Structures are given as C-alpha cells and as structure tokens.
Amino acid sequence: MSAPKEGPNPLRPYYIPPSVGNSAGTPSASQPPPSLGGNYGSSPSATSPSFGSSARNILADMDYSDYLSDSSPSSTATIKALAEQALWKYTSVFLAQPFDVAKTVLQVRMPGSGPPARPRKFQAIQIKPLNETKRAGFRYSSDESDSDSPTYFTRPKPTGLTPPRRPRPRRRPGSPDRDLSSDADAPPLHAPRPSTHILDIKSPSSLTAALSTLWQKEGAWGIFKATNSTYVHSILLSTITSFARSFFAAIFAVPDPSLSFHINPPAGSVGGLDLLSSPTPLASLAIAVSAAGIAGILLAPLDIARTKLMLTPSTHPPRSVMSTLNTLSSWTLPWSIAPVTFLHSTLPTFMSASLPLFLRSKLSVDPLLTPSVYALAIFVGQGLELGAKLPIETVLRRGQMHVAQSSSQTKEVQTVVVAGPYKGLIGTMRSIIYEEGERTIKAAPVKGAATSRTTSLARDPERKKGQGFEGLWRGWRVGMWGLIGVWGAATMGGVGSKGGEF
C-alpha cells in the first residue's frame, strides 16, 4: 500500500515513503501498454530502467561518513606518515644501541682476557746499611730548618752505594756460572706487543662496567657503534618477514597470521600475530615460523657485518655497512653457523605465537573472559622466551665473529675484546660453562665440635674452572627491564600496546 499523493496517511503520520527506485504510482500516459501480441523484438531496456542504474541510485543515498574519512589521504600526508614512522623507529634503535653493544661485548668476550701488562723498567733501589742508618739516627726535635734533616718531597741523590746482591742458588759441580739477577730483570725475547684497543672490563657480568669502559676508551662513538646497520637490519627483517608470511598464506590458502579479526587485538598478539582468530591456527603458526626463519637466513651476512662493527674499534676502517659487507668472503650464510642462525630466528616467533594457543586450549585462559590472568601469563611467557633466546644468541655472536675473522684476507681483525672460541652450538655452551675462565664458589660452613655449642668455621671460597651457567645469560637484566618498560607503556595506553622486544 502506497502513500496517497495528497498527503501522508493519517493512520501512519510519521511514515515517509522511500524515494529510491521506481514510483509506485500508475505508469505514465506516454508509456505504451505492454503488447499482447507478443512483440518479442522489442528491448526491455527501452521501457524500464536497468538494474545498474537503480543500484547506483541506492548506493548514492547511503551515508559512509561514520566509517570512512571525508577524503582519501594525499601523497603528502602518506609521505609524512612514513617519515614519522621511520624517525620513531630510528630513535628507538638509537636509544637501545648502547645496551646492545655492551651485551654483545660481554657475550663474545673471553673471560680473563685483558690488556697485557707493560714491562716495568728496572730502577735501582738505594738501600743503606743498617749500621749507617743507626749512626745517622732520627731527629725528633721541633727545629724544621735544620739542614741535616732529610727531605721527604725531593728525590734523594745517589749515594754511590750499590744494592746488595742476592745470594746465588746452589749449583751443581761442573755447571757454568750464570747471573740469575740479570735474567730476571731482562724482558722476554718474544714479549707480546701491548694492544691499546683491548678493554679492561673489571666485572664480566656487569653491563654498566662494559658501558663505562667503552665510554672511557672510545667516547660516544664507542657505545653507539653499528647504529645504522642495526636500523637497516630491523627494517629489512620486518619487511621480508611480512612479505614471506603473506606470500605463503596466499599460496596455501591460509589466513595471514598478521591480520587480526578483532576490533581490539588481545594482549597475546605479540609481534603483530593473532592466531586465536585463525580457522587453522597450526598452519598459520607454521607459516609464521617459516617466514621468520627465511628472513633470518637471508639477512645473515648483514647481521655478521653488524656484529663485526660492534666489536671492532671505532677508529678502524671500514665503518660503513657496504664496506664491511665487502670484507666478507661471501654474501651467503656459512654452513658453520646455519643451524644456530635458523634456531635463533625461529625460536622466539614459535614461543610467542604458540603460547596463546596453549593457554586457551590447555589451560582455558582466554583474553576476553580472563584478561588479567591472560596478560600475566603472556608476560611470564615472554620472560621464558628471553631466557631461551639468550644462550643461543651468545653462541651465534661468537660464531659470527669467528666467520668475520676467518673471512678477512687482508689483515688481522682488531677487536675490542678477545673473542671466545666457537665450537658449534653444544660445544660452545660446554666451553663457556666448564672451560673458560674461573668462578668463585662460596664454600659451605663446616660445623665443628670444639665446644659444647656448634660453631661454624669459615672456609676460603673455592675457585672452579668455567663461567658456569651464568655465562650463557649475559645481559638478561637489561632484557627484563626492557620487557617491563614495554608492558608498562602498554598498561598506561602508550606505545607498545601490541607487545614487542627491547
């Protein structure tokens, strides 16, 4: 029933008939009635409007202002947004670079290595005989202007006395005489030349000690080394990972793990991955891990150059990324560090992406039903991820420095620390724990029964070979502080609401 032309229907005063489409009234007089004789040759488009024109009229009347912006962004606005994002990324890399350099130095450094002590020149010590000292005596009078009083702030004049010779050790009969005092004072024939670039780090586990030593040795250039290469590496890593992930998702007809179907992504979507809304979470997890591994393998030469720039003195050329890449023997991943590189690239992605699936399927912890428990579990999971990543990263840095030193064909690579040996994944870990350096172990108190009451006797601390398991987790404190800072910013609604890595 249509509204009358003379006005609104009195029974429906607030109803306004739609104005879209054809009029509901009678056909116009100019339009001829349909032929009953079956005029099949006439075109229907000549008598009635097409479906496309009516659809365009319907879409033209719809209002999308609440969903879309008034106008599409211009090229200037797009370039400005990209520049701001690039500046923010470079600033974050610049602020985190000193801690990354210090952590790499501690991971590669061989314990107990430092700058060799320079040989001291022999200085003749003037020793007076005891009887002459007694004969001279000491003056305790208050007369300070006496010319015979000794001067304590001036160098004493040589008295012509020679130091007494040390007693010679007993020698076997028939052996030639040998002056041992001259041999002890003489420097060795093949003494190593003292290096001016080796850092003397007092505490092998202190990040602040490494930072202060770098600052004293090389200044501000020492703690901000390899900033540009780190920035280029981070940009290329995220770009290649996203491209490979989207490519594999399109090939295998699987939803892209980086696309979230939630209006507000949950806290578990660490690194931009959201597998909870995927219809095939295991396939999406395999695609994400494979993309991370491929990106790590492709960018392995750039990572080797970055590590080399961190561990070489800032005054030694080359210092650019391309020049350092040209010093490598090849721009492909060496087979000696291929397993460690692939494991270092895939393990963090596997742990961070599979943890939300484990929490929801096994522990019934959901980000929508129990958000607080879910956020706490994700935080603990990221701490475990950091603990699993650091030992592999320590082995990888040593392997990269080993490759950089072995591929140098011109001259020996000068480093700020003596690099530890690389013996594969398991061999390097075993060498760090049981062979390199020494560690002090506090001995347990011994209970004695000398008196009626039990007394504890203090024992000297025991020294054991190797760094222990602590040597595999160099720099874990700064990693935890960075993780706390990211989650604190996410809690306050700032940057890092999707999680991230320091």
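Here are some worked exercises on the structure above, which is a predicted model.

**Exercise 1. Work out which residues join D100 in a salt bridge, and where the partners sit.**

Step 1. Start with the pairing rule: a side-chain nitrogen of Lys or Arg has to be within 4 Å of a carboxyl oxygen of Asp or Glu. Nine salt bridges pass that rule in this model.

Step 2. Now look at D100. Its side chain meets that of R306, with 3.2 Å from N to O. D100 belongs to helix α2 and R306 to helix α9, so this pair ties together parts that are 206 residues apart in sequence.

Step 3. Check the surroundings. Buried means under 20% relative accessible area. D100 comes in at 17%, so D100 is buried. R306 has 7%, so R306 is buried too.

**Exercise 2. Find the salt bridge that R306 makes with D303, and say how far apart the two are along the helix.**

Step 1. Go to R306 and look for the carboxylate of D303: the N to O distance is 3.1 Å, a salt bridge.

Step 2. Count along helix α9. R306 and D303 are three residues apart there, so about one helical turn separates them.

Step 3. Ask about cover. Both R306 and D303 are buried.

**Exercise 3. Take the salt bridge of E435 and K423, place both ends, then find the network made by shared partners.**

Step 1. Get the distance: the closest N and O atoms of E435 and K423 are 3.3 Å apart.

Step 2. Place the ends. E435 is in the loop between α13 (424–434) and β1 (438–441), while K423 is in the loop between α12 and α13, so the bridge ties together parts that are twelve residues apart in sequence.

Step 3. Read the accessibility. E435 has a relative accessible area of 38%, which makes E435 partly exposed. K423, at 46%, is partly exposed as well.

Step 4. Follow the shared partners. Salt bridges join D100, K103, D303, R306, E393 and R397 into one network.

**Exercise 4. Describe the largest cavity: its volume, its lining and the helices that contribute.**

Step 1. Search the whole structure. Three cavities of 30 Å³ or more turn up, and the largest has a volume of about 60 Å³.

Step 2. List the lining of the largest cavity: L106, Q107, R109, M110, P111, P204, T394, R398, I432, Q467, G471 and R474.

Step 3. Sort by element. Those giving two or more residues to this lining are α2 (75–108) and α12 (371–406).

Step 4. Sort by class. The lining of the largest cavity has five nonpolar, four polar and three charged residues.

**Exercise 5. Find the residues of the nonpolar surface patch and check whether F243 is buried or exposed.**

Step 1. Pick out the members: F243, F247, I251 and F252 make a nonpolar surface patch of about 480 Å².

Step 2. Place F243: helix α7 (residues 227–251) holds it.

Step 3. Apply the cut-off. Exposed means over 50% relative accessible area. F243 is at 59%, so F243 counts as exposed.

**Exercise 6. Inspect the backbone at P318, A226 and S364.**

Step 1. Look at the bond joining P317 and P318: it's a cis peptide bond, with omega about 0°. P318 sits in the loop between α9 (300–311) and α10.

Step 2. Go to A226, in the loop between α6 (220–223) and α7. A226 isn't a glycine, yet its phi is positive, near 60°. With a relative accessible area of 11%, A226 is buried.

Step 3. Move on to S364, in the loop between α11 and α12. Here too phi is positive, about 60°, in a residue that is not a glycine. S364 is exposed, at 61% relative accessible area.

**Exercise 7. For L328 and S320, find how far each is in space from a residue distant in sequence.**

Step 1. Place L328: the loop between α10 (321–326) and α11 (338–362). L328 is buried, with 11% relative accessible area.

Step 2. Compare L328 with Q405. They are 77 residues apart in sequence, and their C-alpha atoms are 9.1 Å apart.

Step 3. Place S320: the loop between α9 and α10. At 35% relative accessibility, S320 counts as partly exposed.

Step 4. Pair S320 with N228. The two are 92 residues apart along the chain, with 8.5 Å between C-alpha atoms.

Note on methods. Residues numbered from 1 in each chain as written. Predicted model: local features only at pLDDT ≥ 70, side-chain atom pairs only at ≥ 80, totals over all residues. Heavy atoms only, no water. 1 Å grid on protein atoms, 1.4 Å probe; cavity = no way out; pocket = protein on both sides within 12 Å on 5 of 7 lines; lining within 4 Å. Points joined across faces, edges and corners; volume = space filled by probe spheres on them. Helix = DSSP H or I, 4+ residues; strand = E, 2+ residues; numbered from the N terminus. Nonpolar A, V, L, I, M, F, W, Y, C, P; charged D, E, K, R; others polar. Patch = residues over 30% accessible without salt bridge, like charges linked within 9 Å, V, L, I, M, F, W, Y side chains within 5 Å. Areas by Shrake-Rupley, 256 points an atom, 1.4 Å probe, with all protein chains shown as cover. Buried < 20%, exposed > 50% of the residue type's maximum accessible area, 1.4 Å probe, protein only.
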